[in-house]
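Subject: Structure handover

Hello,

Here is the structure we talked about. Please open it alongside this note; what I found follows below.

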Amino acid sequence: MPLRRRRPHPFLCVPVLLCALLGTTPPAVSSEGSVSSEGPSASADVARLYEEASAATARYVEGRQAARVQKTRVRKLDRLLAAERRHMAVLHDDLGRLASAQYRSGGGLPHSVQLFLADSPDALMRGRRAMLQADLAVNSAVAKTRRAAAGLAVAKRRADRARRSLDRHNARLADLRRGIERMLETARWTLQGEADRSVAAGRCRGAVRLKQQRTPVTRAWVTPVESYELSAGFDSTGERWAHRHTGQDFAVGIGAPVRSVGAGRVESVSCGGGFGIEVVVRHARGYFTQYAHLAAVTVDQGDRVRAGQWVGQAGTTGNSTGPHLHFEVRLTPYLGSGVDPRKWLAARGVIL
């Protein structure tokens with residue numbers, strides 16, 4: 001389905017305010033228009049903020065899970081405490097009934113009168129011992145129940161304090177995550193603005209060498225982006241295309257890392273035309289993959305890439321109605337030789 005392009009936030013002031021928010025300095029640009037290594041670019045800011053947002057979200061999710069576990073423990077303690085209190089009430093009732101029965105059976109008479117009325121002294125002593133044992137048993141049970149209830153009450157207070165502490169911690173994590181996401185949104189549109197100016201000028205800015213976390217990729221083929229929603233598919237129709245759609249679209253945010261689906265060599269990097277900023281990678285057995293509508297590239301023509309290596313950052317340059325990655329698999333480097341990307345990746349063990 002067509003993607004709706006989001007309007008960028010108005011720039012009240014441009015890189016100076018952004019860099020003040022992010023704690024960085026504006027990027028230095030060389031005379032050729034490529035990003036210099038002397039200062040960080042919006043690409044680096046977005047990549048860093050993506051990682052920080054991901055880490056903050058992970059911490060928040062962990063905190064929420066810990067809070068849920070703690071709340072479950074508090075509810076369990078509540079149930080146990082209520083059960084102990086009910087048990088104690090039953091024991092008190094039993095003790096009351098025992099005392100009443102003892103009184104009715106002569107428990108209130110002086111010992112000398114009970115001795116006179118008893119069939120024998122032995123019978124009297126046996127009755128008193130039985131009554132005393134019953135009293136002791138009930139009193140002991142009541143005392144144990146009280147101790148258990150007191151212990152549970154202490155445990156519940158501690159669990160409640162821990163739960164409230166976790167709730168406060170999670171609130172701070174949520175604020176941190178929202179702050180990072182706000183900065184990321186600003187940095188995204190700054191990055192997109194740089195990309196739009198580059199495309200309008202018909203001059204690529206050159207590769208931005210981002211520090212990529214070396215997470216081991218054990219598979220020969222991967223998806224071009226890690227987290228995504230599929231939108232327009234191969235050979236679909238729509239008002240935006242003169243002919244049928246030639247690739248598979250992935251709905252992702254501006255600046256999302258785009259990675260090579262497999263090992264290969266960068267065939268071309270370009271920044272003009274309907275595809276905006278794009279990278280084409282040549283793979284073994286004569287196949288090519290295209291990554292289009294990018295906001296930035298992280299490779300140069302001729303670079304060797306491995307499966308999962310970043311080749312750029314997603315954007316909405318060229319003929320695009322919203323942030324997404326347009327991905328193609330081709331038999332040649334050129335438009336018009338595409339094959340169904342989903343089937344092609346599925347044959348290599350990657351299910352979209």
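Glu185 and Arg188 are both buried. Their side chains form a salt bridge, and the closest N and O atoms are 3.2 Å apart. The two residues sit three apart in helix α4, so about one helical turn separates them. Keep in mind throughout that this is a predicted model.

A second pair in that helix is Asp175 and Arg178. Their side chains meet in a salt bridge at 2.3 Å, N to O. Asp175 and Arg178 are also three residues apart in helix α4, about one helical turn. Here the setting is partly exposed: Asp175 has 44% relative accessibility, and Arg178 has 40%.

Lys71 and Asp167 also make a salt bridge, at 4.0 Å from N to O. Lys71 belongs to helix α2 (residues 42-107) and Asp167 to helix α4, so this pair ties together parts that lie 96 residues apart in sequence. Both partners are partly exposed: Lys71 has a relative accessible area of 33%, and Asp167 has 28%.

The general point is simple. Side chains of opposite charge can pair when their charged atoms come close. Across the whole structure, the search finds twelve salt bridges. Some share partners: Lys71, Asp160, Arg163 and Asp167 are joined into one network this way.

Where else do helix α2 residues touch distant parts of the chain? Look at Arg59, which is in helix α2. Arg59 touches Leu173 and Leu176, leaving aside residues up to four places away in sequence. The C-alpha atoms of Arg59 and Leu173 are separated by 7.4 Å, although the two residues are 114 apart along the chain. Arg59 is partly exposed, with 39% relative accessibility.

Next, the surface charge. Which residues gather in a patch of positive charge on the surface? They are Arg157, Arg158, Arg161, Arg164, Arg168 and Arg172. One of them, Arg168, lies in helix α4, which spans residues 121-201. Arg168 has a relative accessible area of 49%. Partly exposed runs up to 50%, so Arg168 falls in that class.

Now to the strands. Ser260 lies in the loop between β3 (257-259) and β4 (264-270). Is Ser260 buried or exposed? Buried, at 0% relative accessibility. Beyond residues up to four places away in sequence, Ser260 touches Val222, Val281, His283, Tyr291, Val305, Arg306, Ala307, Gly308, Gln309 and Val311.

Finally, the overall numbers:

- The protein has five helices and ten strands.
- It has 352 residues, and 40% of them count as buried.
- Take the contacts between residues at least 6 apart in sequence: 71% of these join residues at least 24 apart.
- The exposed area is about 19800 Å², with 55% of it supplied by carbon and sulfur atoms.

If you have time for three spots, I suggest these. Start with the buried pair, Glu185 and Arg188. Then go to Lys71 and Asp167, whose salt bridge links helix α2 and helix α4. End at Ser260, in the loop between β3 and β4.

Best wishes

Notes. Residues are numbered from 1 along each chain as its sequence is written. This is a predicted model: local features need pLDDT of at least 70, side-chain atom pairs count only at pLDDT 80 or more; totals for chains, interfaces and linings use all residues. Side-chain values use heavy atoms; hydrogens and water are left out. Patches are made of residues with over 30% relative accessible area and no salt bridge: like charges are joined within 9 Å, nonpolar side chains (Val, Leu, Ile, Met, Phe, Trp, Tyr) within 5 Å. Accessible areas come from the Shrake-Rupley method with a 1.4 Å probe; for residues, only the protein chains shown count as cover. Lys and Arg count as positive and Asp and Glu as negative; His and the chain ends are not counted. The place of a charge is taken as NZ of Lys, CZ of Arg, CG of Asp or CD of Glu. Helices (H or I, at least four residues) and strands (E, at least two) are DSSP runs, numbered from the N terminus. Buried means under 20% relative accessible area, exposed over 50%, partly exposed in between (1.4 Å probe, protein chains only). Contact means heavy atoms within 4.5 Å.
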